[in-house]
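Student: Please take a close look at the aromatic rings of this structure. I should like the account to proceed from the rings to the rest of the chain and its surroundings.

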Amino acid sequence: MMEIREKIIESLQEALKKIKVKKYPEVLLERPKERGHGDFTTNLSFSLAKELKKPPQEIAKSLVKHLEARPKIIEKVEEAKGFINFFLAEELLFENLIQILRKEKNYGKSETGKDKRIQIEMVSVNPTGPLHVGHGRGAAFADTLANILEASGYQVEREYYINDIGTQIENLGKSLRARYLELLGEEVEFPEYGYQGEYLIEMAHRLKDREGDKHRKEKIEFFTQYASSDIIEGIRKDLEDSGIRIDSWKKESDLHREGKVKEVIDNLKKKGYLYEREGALWFRSSQFGDEKDRVIKKKDGSSTYLASDIAYHEDKFKRGFDHLVNIWGADHHGYVERLQAAISALGHPKENLDIILYQLVKLSRSGKPVAMSTRKGEFITLREVMDEVGRDVTRFSFCMRSSYSHLDFDLELAKKESPENPVYYVEYAHARISSIFKKAKEKKVKRKKIQEIDLKLLNTPEEKSILKLLALFPDIVTSCAQNYQVHSIPNYLREVASEFHTFYNRHRVLSEDAELTQARLTLVKGIRIVLRNGLRLLGIKAPERM
RNA sequence: GCGCCUGUAGCUCAGUUGGAUAGAGCAUCGGAUUUCUAAUCCGACGGUCGCAGGUUCGAAUCCUGCCGGGCGCGCCA
C-alpha cells in the first residue's frame, strides 16, 4: 500500500505544478472514516486556501481536473466539500491479495529498520518478589512491541536488567533469613523494611527441606544471593510461560564488578559535570533539563542507583546499538529526565534513547480496590491471572489498550468475562477458515493455480471491504513500529475477524459454482494469513479448531 | 504545593500527526441457523467528548483556567 500512497502524492504534486502552485505544504493523505469518502483523502486545498485566496472547493476542483486517473491504481478522483477523495481501482486489491498469498508469513513485514540494531530494556523488575499483573502488562506490551519492530526489519535485542544489589535486595535477604530461622525455632525479629509476602515463607520452607539447618550461621549475603536468584528463576519461568522472550539478562552487580560504574563516574568528572557538596558527589543534571541536580555518590562512599543506571546505558551504547528503547512503568517517570540528562552529558544524542512509559494497572477484586505492594506481600501475580484466564486472554487484554490508558483490572471480572474476550472472536475466525479448508479437502475440491483464478468474482460489498482491510495490514504494523504502540494490532484483528464473520454468514465459500469457490478460497486464505501474522505479533496462537 | 499521565455511551475503551454525520465490545431489548463451527450474524437503545473560555475555514484532538482520578516528587531501587 505504501507505493500507492506515494503514487497518489506524486500525481497531486504534478497537478499542483499544472495549476502553477509552487509553494505548498507537505501533501498528507489520510484514510477517511466514512466509506463514501473514498480510500484516501487529502485536505490539501484547505491548507492552500489562505495563500491562494480562493475557496478550498475551487482549488480542489481545479486540482481534480488535472489529476489524470491512473487506471490501474485510481479508479476515481472527486472533490467533495473541499476535500479530494481517491477511489482505488479494484485490480489493485486483487493484486494485493495475490501478494498476501505469495508473501505469506512475510506479509506485513517491512524493511523500515533494515540494518538498524535496537535494544529494548524490558520488565527489569527488581528480584524482590514474583511478577504481578502490573508487570505483566509491561512485559506483554514490550514483547509485542519487540515483535513489531522485528517485523519492521530491526534487529532487536530484548534485555532484562536485574537490580541485584542495594538496600532492597539486602532487605530481601534479611527477610529470608528471618523466615528461615523462624522455621528452625529461633526467635527473630522481622526486619523493619522486610518483605512480608507468603512467597518468602515458602522459600524458607524449601530451603529447610532441602538443606536442613546447615545455614543457621550463614551471613546475610548467602540469603540475599539465595533469595534473589530463586526469585529470578521464578520470573524467568513466568515470562517463559507467557511466551515472553528475553535474549539477555544483565546484572547491576556485574557493572560494578567490571568497574563500569567507576569508569562512568570518572568520565563525567573529567567532563566537569560533577561537584561535591555536603560530603556527597553530585551530577549537574539540571544543566541538561532536569529540575535539580542528583546525587551520584553518597556520603558513605557508595554510589547511587542512578550511577549504575548511567553506567548501564553507557554500556548499551558501547555495545553498538543504534537505538535504545526502555519500557518503564509510569511510576518511574520522575526518573526519565535525569537519565536523559546523563545520556546528553555523555555526548549521546538524546533521540537515541526512547523511554516508553506504560500506565500502571489499577487493580481490584470484585470491585474493591487492591493496593499492590511487593513489600507487604499484597498483590495478584501474573501467574495467578494466567492460570485463571489463560495466556491468550492475558496477552490480548494487555495489548488491546494504549499504554497511556490507566487500565482497570478486576480479577473476578476478568475470570467472568474471559469466555467473551475478543481474543476468542479472532481465534474463532481463524478456526472457521481452517475448518473450511478441511471441508474442501474432504470434498476433494482441487485448488487451482492463483493465475487461473478469476478474482473479479469477489464482487460483493463484503468481499470488497475485506480486500481493502487486508491491504491495510502492513500500514498498521509500520505505524505501530513508528509510534511504539501496539494496541492497533488487536483492534485491527478484531475488525478483520468481524468482517470475516459477516461475510461467512452471508455467503458460502464452498458452493456449486466452481469458479466462485476458487476465488473465495483464495480470499479466506488471505484472511487467514493476516490473522495468523497479527496473532503471531501478539504472541498468541492461531488455533485450527476450537 | 510542584511535575507527569488521564477524563469520550450504563461499564471497559478506540478515535491514524486538527477534518466531513464521534465509533467498537460488554450490558439491555428484539430477530436470524435442516448449509463451510451459533465462541457467529442482523437490528434497536444509548453522547453537553469533565466544565468554561481561546486559537481557525474546521477542535474529542492544540492553548489557558477550573474540577475529578492515577502516579511521582530520598544521599531507596
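Tutor: Two rings of Phe, Tyr or Trp, the last represented by its six-membered ring, are taken as a pair if their centres lie within 6.5 Å. Planes under 30 degrees apart make the pair stacked, those over 60 degrees apart make it edge-to-face, and the remainder are tilted. The model is predicted. Searching the whole of it yields 15 aromatic pairs. One of them joins Phe222 and Phe223: the ring centres are 5.1 Å apart and the planes stand at 80 degrees, so this pair is edge-to-face. The two residues also belong to an aromatic cluster, in which Tyr180 and Tyr226 are the other members.

The burial of the two phenylalanines deserves a separate remark. Phe223 has a relative accessibility of 0% and therefore counts as buried. Phe222 has a relative accessible area of 21%. Since buried means under 20%, Phe222 is classed as partly exposed.

The setting of these rings is chain A, which has 19 helices and 14 strands. Its C-alpha atoms occupy a box of roughly 85 × 65 × 40 Å along the principal axes, and 51% of its 546 residues count as buried. Helix 3, residues 56-66, shows how burial can be distributed within one element: Pro56, Ile59, Ala60, Leu63 and Val64 are buried there. These residues span an arc of only 135 degrees around the axis and therefore lie on the same side of helix 3. In helix 2 one finds Ser45, which is buried, with a relative accessible area of 0%. Between Ser45 and Gln340 there are 41 Å in space, C-alpha to C-alpha, and 295 residues in sequence.

An open sheet offers a further element of the fold. Three strands compose it in the order 13-12-14, with mixed pairing. Strand 13 (368-369) and strand 14 (408-410) are at the edges with a single partner strand each, so each has one side without a neighbour in the sheet. The pairing of strand 12, residues 362-365, with strand 13 is antiparallel and runs over 2 bridges; in it, Arg365 faces Lys368 of strand 13.

There remains RNA strand B. It has 63 residues around it, among which Arg401, Tyr425, Tyr428, Ser435 and His507 come nearest. At least two residues of this surface come from each of helix 2 (44-52), strand 3 (83-88), helix 6 (167-183), helix 16 (422-442) and helix 18 (488-506). The most is given by helix 16, with 8 residues. By character, the surface comprises 22 nonpolar, 21 polar and 20 charged residues.

From the side of the RNA, sugar or phosphate accounts for 58% of the strand B atoms within 4 Å of the protein, and bases for the rest. Individual contacts involve both parts. A polar backbone atom of Tyr305 is 3.2 Å from a phosphate oxygen of strand B. Towards the bases, a side-chain N or O atom of His406 lies 3.1 Å from a base oxygen, while a backbone N or O atom of Tyr504 is 3.0 Å from a base nitrogen.

Notes. Residues numbered from 1 in each chain as written. Chains lettered and ligands numbered in written order. Predicted model: local features only at pLDDT ≥ 70, side-chain atom pairs only at ≥ 80, totals over all residues. Heavy atoms only, no water. Near = heavy atom within 4 Å. Polar contact = N/O pair within 3.5 Å; in protein donor to acceptor, adjacent residues only side chain to side chain. Helix = DSSP H or I, 4+ residues; strand = E, 2+ residues; numbered from the N terminus. Nonpolar A, V, L, I, M, F, W, Y, C, P; charged D, E, K, R; others polar. Pairing = 2+ DSSP bridges. Buried < 20%, exposed > 50% of the residue type's maximum accessible area, 1.4 Å probe, protein only. Arc of directions from axis to C-beta.
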